[in-house]
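Subject: Structure for your review

Dear colleague,

Please find below the structure I promised to hand over. I would be grateful if you could look through it alongside the notes that come after it.

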Amino acid sequence: MQKVKELYSGKAKSVFTTEDPDQMVLFFRNDTSAFDGKKIEQLDRKGAVNNQFNATIMQKLEEAGIPTHFEKLLSPQDSLVKKLDMIPLECVVRNISTGSLCRRLGVEEGLDLNPPTFELFLKNDELGDPMVNEYHAQSFGWATMDQIREMRDLTFRVNEVLKKLFADAGMLLVDYKLEFGLYKGKMVLGDEFTPDGCRLWDAETREKLDKDRFRQGLGNVVESYELVGHRLGMTFDYT
Ligand code: 5GP
């Protein structure tokens, strides 16, 4: 499937139409951004690593019965996906306290959250992706209560699959963000699952292996993403 026309360019991916109105191509760029686009850098190999990392995770989620938009890898940096009607909300599950949760609530970092928390954020860079609740979502028409329940249930099912996957490879899935959309009326996982949108810590040392390395200027960003992939048995094609 060929890219026909660029539909839009996000902070790390560009989206292209194809000859099939139901399918699109995601091109994973090397751009890496943080703080709602205020810090941006190009990191060698990141597009290829994230594209292939995402492909593996999406396939594992599909195998576990979670519907995703992923169709197939087209090249090291391109994937074919279903065209979704996106819901403008980010669904975040947290297994361990850190990040904005600690800043917002003044709670200690590194607490095991039992049960894990679920939060909704509005996708809006200008406003800094503010946290919203299900009533905001309904009142402003971003999602219905049934759709919110469905996104929440799927986000927790992803947690069960991926917590175990990472734990078996010596890592803690601390938290992550998912985005959903509708495909022919059905709720489907969209966007990506990569170390750009989750936190992963080494289970022994609690070393950060995700985008916090970029946010906090810790270095070895792509090398850490590759390490996570290698621990999960992935190999990457950079050609
Ligand atoms: P926090 O709310 O602590 O900043 O983020 C919680 C989790 O969601 C982290 O794993 C973070 O990477 C992810 N996340 C939240 N918002 C975004 C976003 O706008 N883009 C990306 N890539 N990840 C996000």
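The notes below take the ligand first, then the helices, and then individual residues.

Please keep in mind throughout that this is a predicted model.

**The ligand and its shell**

The ligand is surrounded by 15 residues, of which Arg94, Ser100, Asp175, Arg199 and Arg215 come nearest. By class, this shell comprises 9 charged, 3 polar and 3 nonpolar residues. Four elements each contribute at least two residues to the shell: the strands β9 (89-96), β12 (171-178) and β15 (198-202), and the helix α2 (99-105).

Three side chains place a polar atom at a short listed distance from a ligand oxygen atom. For serine 100, an N or O atom of the side chain is 2.5 Å from an oxygen atom of the ligand. For aspartate 175, the corresponding distance from a polar side-chain atom to a ligand oxygen is 2.6 Å. For aspartate 129, a polar side-chain atom lies 3.1 Å from an oxygen atom of the ligand. The ligand taken alone exposes 490 Å², and the protein buries 82% of that area.

**Helices α1 and α6**

Helix α1 covers residues 46-63, which is 18 residues, and spans 26 Å from its first C-alpha to its last, close to the 26 Å expected at 1.5 Å a residue. Of those 18 residues, 13 are buried, so α1 is largely enclosed by the rest of the structure. Just after α1, glycine 65 adopts a positive phi of about 90°.

In α6, the buried residues are Val221, Val222, Ser224, Tyr225, Glu226, Val228 and Gly229. The buried residues of this helix pack against α1, α4 (145-168), α5, β12 and β15. Glycine 233, just after α6, also has a positive phi of about 90°.

**Loop residues and their contacts**

Asparagine 30 sits in the loop between β3 (23-28) and β4 (31-34). A polar atom of the asparagine 30 side chain lies 2.8 Å from the backbone nitrogen of glycine 47. Not counting residues up to four places away in sequence, asparagine 30 touches Glu41, Gln42, Leu43, Asp44, Arg45, Lys46, Gly47 and Gln77.

Glycine 217 belongs to the loop between α5 (212-215) and α6 (221-231). Is glycine 217 buried or exposed? Its relative accessible area is 55%, and because exposed means over 50%, glycine 217 counts as exposed. Leaving aside neighbours within four places in sequence, glycine 217 is in contact with Lys39 and Asp212.

**Backbone geometry**

The peptide bond that joins asparagine 114 and proline 115 is cis, with omega about 0°. Proline 115 is found in strand β10 (residues 112-122).

Aspartate 191, in the loop between β14 (186-189) and β15, has a phi near 55°, a positive value in a residue other than glycine. With a relative accessibility of 17%, aspartate 191 counts as buried, because the limit for that class is under 20%.

Arginine 206 lies in the loop between β15 and α5, and its phi is near 60°, again a positive value in a residue other than glycine. At 35% relative accessibility, arginine 206 counts as partly exposed.

With kind regards

Note on methods
Residues numbered from 1 in each chain as written. Predicted model: local features only at pLDDT ≥ 70, side-chain atom pairs only at ≥ 80, totals over all residues. Heavy atoms only, no water. Near = heavy atom within 4 Å. Polar contact = N/O pair within 3.5 Å; in protein donor to acceptor, adjacent residues only side chain to side chain. Areas by Shrake-Rupley, 256 points an atom, 1.4 Å probe, with all protein chains shown as cover. Nonpolar A, V, L, I, M, F, W, Y, C, P; charged D, E, K, R; others polar. Buried < 20%, exposed > 50% of the residue type's maximum accessible area, 1.4 Å probe, protein only. Contact = heavy atoms within 4.5 Å. Expected span 1.5 Å × (residues − 1).
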